[in-house]
Amino acid sequence: LHLSIRRQRQMCIRDSPMSATISVNNFSFSPSATLISIGGTINWQFQGGTHTVSGSGFNSGTKISGQTFSHTFNQSGNYNYVCSFHSSMTGTVKVE
């Protein structure tokens, strides 16, 4: 049973992508929830307006349309983030 659980966990990790792209546009992050593997990188692409990506341990600073921000997540967990200018803009990165 222990081996089976470990194998399922390894499969889950292997199935998680090493990178993902999130669009920042129209006062939203799309997708707003993203799953990546430990060591994976999220790339935020700013497509309209003036926004930020601010979370525990990362902050894009002010970005405008056409700019990008990337962050690599080296520990498992759930990482919530928000736009500092628009508190209704929120997202989550799950790292496993």
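Does Asn26 count as buried or exposed, and at what relative accessibility? In this predicted model, Asn26 counts as exposed because its relative accessibility is 63%, and exposure requires over 50%. Asn26 is placed in the loop between β1 and β2. Its phi is positive, about 55°, although the residue is not a glycine. Phe27 lies in the loop between β1 and β2 as well. Phe27 also has a positive phi, about 60°, and is not a glycine. With a relative accessibility of 52%, Phe27 counts as exposed.

A further backbone feature occurs in the loop between β2 and β3, where Pro31 is placed. The peptide bond joining Ser30 and Pro31 is cis, with omega about 0°.

The strands were examined next. An open sheet is formed by four strands. Their order is β2-β1-β4-β9, and the pairing is mixed. The edges are taken by β2 (28-30) and β9 (68-73). Each has a single partner strand, so one side of each is left without a neighbour in the sheet. On average, neighbouring strands of this sheet are turned by 25° against each other, direction ignored. Within the sheet, β1 (residues 19-25) pairs with β4 (residues 40-46) in the parallel sense. Six bridges connect the two strands. Ser19 has Thr41 in β4 as its bridge partner.

Strand β11 (residues 90-95) pairs with β3 and with β10. Its pairing with β3 (residues 33-36) is parallel and spans four bridges. Here Thr34 has Val93 of β11 as its bridge partner. Strand β10 (residues 77-82) runs antiparallel to β11, and six bridges join them. Tyr79 stands opposite Val93 in β11. The two faces of β11 differ in cover. Gly91, Val93 and Val95 form the covered face. Thr90, Thr92 and Lys94 form the uncovered one.

Val93 also belongs to the largest nonpolar core, which has 18 residues. Phe29, Trp44, Phe73 and Val93 touch the most other members of this core. At least two core residues are supplied by each of β1, β4, β9, β10 and β11. The surroundings of Trp44 were then listed, leaving aside neighbours within four places in sequence. Trp44 is in contact with Phe29, Phe73 and Val93, among others. Its further contacts include Ile22, Val24, Val53, Phe58, Phe69 and Tyr81. Gln67, Thr68 and His71 are also among the residues in contact with Trp44.

Key:
Residues numbered from 1 in each chain as written. Predicted model: local features only at pLDDT ≥ 70, side-chain atom pairs only at ≥ 80, totals over all residues. Heavy atoms only, no water. Pairing = 2+ DSSP bridges. Axes fitted to C-alpha atoms, helices over the stretch in contact; angles between N-to-C directions. Buried < 20%, exposed > 50% of the residue type's maximum accessible area, 1.4 Å probe, protein only. Core = buried A, V, L, I, M, F, W, Y, C linked by side-chain atoms within 4.5 Å. Contact = heavy atoms within 4.5 Å.
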